[in-house]
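Biologist: I'd like a close look at a single part of this one. Could you pick out the sheets and take me through what packs around them?

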Amino acid sequence: MGIEQGKISRRQAVFLVTNTILATMVLYVPSLLAQETGQDAWVTVVLAGAGGVLYGAIVVFLGARYPDKNLVEYSMELLGPWAGRAVGMIFGLFFLYLNGAVIREFSELLVSLVMPETPLVVFDTLIVSLAAYGVYLGLEVFARVNEILFPTALFISMGFIALAIPEMEFYHFKPALVHSLPALLRGSALLFSFYLEGTALLMFYPALRRPEEGRAISYQVGFLLAIALLADILGVIALFGPEETARLIFPTFELAKTVHLGGFVERIESLIIGIWITMGGLKVMVFYYVSVLAFAESWGLRDYRLLVLPMGIILASLAVLEFADTNQIRSFFRYMPAFTVTVLGGITAFLYLITLIRAKRTGGKTDKDDKNKKKAS
Amino acid sequence: MLRKVRKPLKPSELKMRKINARLQELQPKEVLEQPISPDLDYNVKLMKELFGNSSDLVVREFHFGSDKEIRVALIFIDGLVDKISLSEAVLKPLLYRTIVDEERKLLPGNAFELIRDWLITFASTKEVDKMGDLLDLVLAGFAAFFVDGFEYALAPEVKGWKDRSIEEPKTESFVRGPRDGFTETLRTNTALIRRRIRTPRLRFDIYQVGRVTKTDICVAYIDGLVNPATVDEVKRRIESIDTDSILESGYLEDFIKDNAWTPFTLLDRTERPDKVAAALIEGRVAILVDTTPFALIVPAVFTEFLQSTEDYYEWSESARSLRWLAILITLTFPSLYVALTTFHQEMIPVGLALSMAAGREGVPFPAVIEALIMEVTFDLLREAGTRMPRSVGQTLGVVGAIVLGQAAVMAGIVSPFIVIVVALTAVTSFLIPNYSASLTIRLLRYPILILAGMFGLVGVFLGLMAILLHMASLRSFGVPYLYPITPAVPAEWKDVFYRAPWWKMDLRPLLLRSPNRRRQAPGQRPEPPPVRPGRETEAVIEDGCQKNCAGGNRGSG
Amino acid sequence: MFWNLLLVILLGVGIALYEVPKLLNRQMRRELIAFSGVLLLAVALAVALILRLPVPNPTRGLEILLGPLTRLLYPAS
């Protein structure tokens, strides 16, 4: 019995998680990866993808273990009310903070690419207001909107990359596997830290119409992410070469700029901006929802909606407060792996271990419970 | 739980009680509950008193029987009854016949039974013993027939009033399809539907709503095809309405829709019986309201508003996709113009940008204001056009479109491009078959326009997303408003983005949760017969006489 | 700056006016307390930012906290 009453389908969950992970990844990651690993960036996608699937297995295990409870609820059950509340608060604060960063990144993007004269706060507020509206309407609603918009966005982006193929030069990949292992690991760690954001799934796992499909969700998310990322990174590097890609801030956007259709349709890169706004908006909604729900659960509230609007002001302020300037955003990505791994990875690993220990100690009893739950659901 | 016990009444509940105490029937209850008195004079006096000697109340008292010793009174409302059938079926037999036959003589003691069973030759006649019920019947077009000395009254149904004949629906234009439309009389409308659906399982359940108007509201559905839960929900919502009047289905719509505050219509409404019939067969519920030709159809989803009944008669692949395009253009074109000219000139192709800049030269307003002026002007013209007498309306349209636009450009108030944009959106907005949906889309242009003027393309995208979020949050009788698109049911997209041929649409829409999903036998795709009909025996010969047979083939095929 | 301040305070009042009656009507005391706390914090944070009061930058703190771990990945810096 959680606060959330809505239900979402498997497809909606897959798209929601994929969008959440992908939205910020396509902005900065191609350039950062090219800096570290140059033309070997595809290796990091494979490495991080493998790590992501492993991590996904843990997430799905936890979700399937407690199919009618979200992360905060079962950490309160496992660790006792106070420790569980603390975990819930950390979870909520983490997503609140990260959401601030995401909003800031998107606002910076809009300012630098679309409207240089407009102050950052304006876009910040706009994005937060939209997200607040979505979160207020509920998980079901933004999951549905995402179900339309994410495939459309993915389709159009793939179309852009496909249209740029004639101008790509594949010799850019030529000296393959020349980068050192630490560099590759650094790249993979960066990618993996984005994959970890998929932990958000554990907050709306009980809303799944069929909780037993968790494993399929994690595989589909991994597959979609791998395809999208590989296409993006390979496309960008083949088009610009590793050095140029590393220099550009938003290589995907530059790729879109080179696309022409039949000599008349030019400058359609604004579509990419639209795609990023929609994807970004939905990602912000997911994080917003997760943090608000985590707070509401850990404070024992009966509804999360009352926190949405006040939290929106905090979110908008945080987005301004978190980074002093653009440089700090770029350097933040260095700290990102350590940050997400310690907090998100730490929480899930901790809960996973405790669940395992509990299961061992009480042996058959939990198994029985599990079966009963499966029957009930 | 405990808290609830301590404070049993919330402030809102207390308020409701006070209001309920104040809400009363227009007529005092005591009068309506009163039984009919055996005293004829009292009954007649009471009726006259209730109507306050209103001029359309006709009271006729007369005596009949062999010795004219039986006193009766006939009361009806002039204009609501058919006087010819009244006199043929009710008055004539009474006045001309003094006896029924040898054994049964009309006496004051048995007059009522004899009149009821032998003399009044009218098909449907009701027997009433309460003043209130009789009053309702008289107001609905029955005649009241009192006999002195009896505590009952007869009410023959002699309804008959001036009625509009069945005409072509004015609001839904089409090329192919049946041309009959609903009228203002509920019975005519139900008959129009019944004529199309010949099954006894078609049900018309009737309700009366409105303290003053007592409007008949008819819930139509096909038992066995409809989801019973939907019918119950419709009935529950109709029964819970407590208002003084329902003059049009629009009153009802506001009371029964799922979300109170939304610019979108959550119910489909139509004047066409064929559309209602199609909806009933799909497993929907239709609500017909007396005194209006507009029927409501529930549940309705947004994609339906882009479907015209004609799509199903005349197969046209492109119509649906054109309408989706039309929605997009209506919604975004003015705002894209504003966003591009104000903030992102570099995104317009160079040649076009130059001529646009030349066109905007000398225009004293920013693009938003320019667009707002033109859009508002257009909406003013449109509104004026619908309210004006038809003959004037057309002139106004021409004057408005050509003269105003031309003059505005010449005077340098607006650029020629905005005139093109506004004209285009005006045209595309009329591609949306549902009038209410088209109004909604046109209304939503304005917020996006303003967002575009403030934040450029970013504003447009955010505005569209907000609209999408809002639409995804809506429900119509429990069905998600964006239904086959999201939650996505790709199998049903064949009736959303284009219209699949009939033999492909084997199942009723999933959203209605009909207990009987299959619409028709599968695999009915038409194919040419393997052998030409009538040529089976000659198939062998054909090889030999290709030349000769060619002409014959053409004739028979 | 004055207008921004007014805007934020009006926003806070508006949110309170929108939510509080609903909470009162549903008799949610715990929720009301949580709501008021978060709203006060939110308005205070926004006002502090507008007045350019010295609010600590949380990312600095994180960078210090995560420094040792990050140096494992990026030994050069």
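Modeller: What follows is a walk around the two open sheets of chain B, with a short detour into the nonpolar cores. Keep in mind that this is a predicted model.

Some background on chain B before zooming in. It holds 19 helices and twelve strands, and of its 557 residues, 45% count as buried. If you take the contacts between residues at least 6 apart in sequence, 63% of those in chain B link residues at least 24 apart. The chain exposes about 28,800 Å², with 59% of that supplied by carbon and sulfur atoms.

Let's start with the sheet that reads β6-β7-β9-β10-β8 in chain B: five strands, open, with antiparallel pairing. Its edges are β6 (202-209) and β8 (268-270) of chain B; each has a single partner strand, so one side of each has no neighbour in the sheet. From one strand to the next, the twist averages 25°. Helix α10 of chain B, residues 249-256, packs on this sheet and touches β7 (215-222), β9 (285-289) and β10 of chain B. The direction of that helix makes about 135° with that of β9(B).

Strand β10(B) deserves a slower pass. It covers residues 295-298 and pairs with β8(B) in the antiparallel sense over three bridges. Along that pairing, Thr270(B) sits opposite Ala295(B), and Arg269(B) has Leu296(B) as its bridge partner. Turn to β9(B) and you find three bridges to β10(B) as well, again running antiparallel. Here Ile287(B) is the residue whose bridge partner is Leu296(B), so Leu296(B) is bridged to Arg269(B) of β8(B) as well as to Ile287(B). The link between β9(B) and β10(B) is a hairpin with five residues in between, and Thr291(B) in the turn has a positive phi of about 70°. As for the faces of β10(B), both are covered: Ala295(B) and Ile297(B) are buried on one side, Leu296(B) and Val298(B) on the other.

A residue worth clicking on in this region is Leu280(B), in helix α11 (residues 273-282) of chain B. Its relative accessible area is 0%, which makes it buried. Skipping neighbours within four places in sequence, Leu280(B) contacts Ile193(B), Ile197(B), Leu202(B), Ala220(B), Tyr221(B), Ile222(B), Leu225(B), Val285(B) and Ala286(B). Ile193(B) is 87 residues away from Leu280(B) in sequence, yet the C-alpha to C-alpha distance is 9.5 Å.

Now for the other sheet. It is also open and antiparallel, with five strands in the order β1-β2-β4-β5-β3 of chain B. β1 and β3 (125-128) of chain B are at its edges, and because each has a single partner strand, one side of each is left without a neighbour in the sheet. Ignoring direction, neighbouring strands here are turned by 20° against each other on average. Inside the sheet, β4(B) and β5(B) run antiparallel and are joined by two bridges; Phe145(B) has Leu154(B) in β5(B) as its bridge partner.

The helix to look at on this sheet is α5(B), which lies across β1, β2, β4 and β5 of chain B and runs at about 20° to β1(B). This helix, residues 83-96, has a kink of about 35° at Val90(B), shortly before the proline Pro93(B). Its buried residues are Ser85(B), Leu86(B), Ala89(B), Val90(B), Leu91(B), Pro93(B) and Leu94(B). Their cover includes β1 (57-64), β2 (70-77), α6 (111-119), β4 (144-147) and β5 (153-156) of chain B.

That brings us to the cores. The largest nonpolar core has 209 residues, and those with the most contacts inside it are Leu22(A), Met25(A), Phe142(A), Phe204(A), Trp276(A) and Tyr288(A). Helix α12 of chain A, residues 270-298, gives the largest share, 19 residues. Trp276(A), leaving out residues within four places in sequence, has contacts with Val26(A), Leu27(A), Phe106(A), Leu109(A), Leu113(A), Phe250(A), Thr252(A), Phe253(A) and Gly281(A). There is also a second, separate core of 23 residues, and Val90(B), where α5(B) kinks, is among its members, along with Phe64(B), Phe112(B) and Val158(B).

How values were computed
Residues are numbered from 1 along each chain as its sequence is written. Chains are lettered from A and ligands numbered from 1 in the order in which they are written. This is a predicted model: local features need pLDDT of at least 70, side-chain atom pairs count only at pLDDT 80 or more; totals for chains, interfaces and linings use all residues. Side-chain values use heavy atoms; hydrogens and water are left out. Two strands pair if DSSP finds at least two bridges between them. Helices (H or I, at least four residues) and strands (E, at least two) are DSSP runs, numbered from the N terminus. Axes are lines fitted to C-alpha atoms, for helices over the stretch in contact, and angles run from 0 to 180 degrees between N-to-C directions. Contact means heavy atoms within 4.5 Å. A nonpolar core is a set of buried Ala, Val, Leu, Ile, Met, Phe, Trp, Tyr and Cys residues joined through side-chain atoms within 4.5 Å. Buried means under 20% relative accessible area, exposed over 50%, partly exposed in between (1.4 Å probe, protein chains only). The bend at a residue is the angle between axes fitted to the seven residues ending there and the seven starting there. Accessible areas come from the Shrake-Rupley method with a 1.4 Å probe; for residues, only the protein chains shown count as cover.
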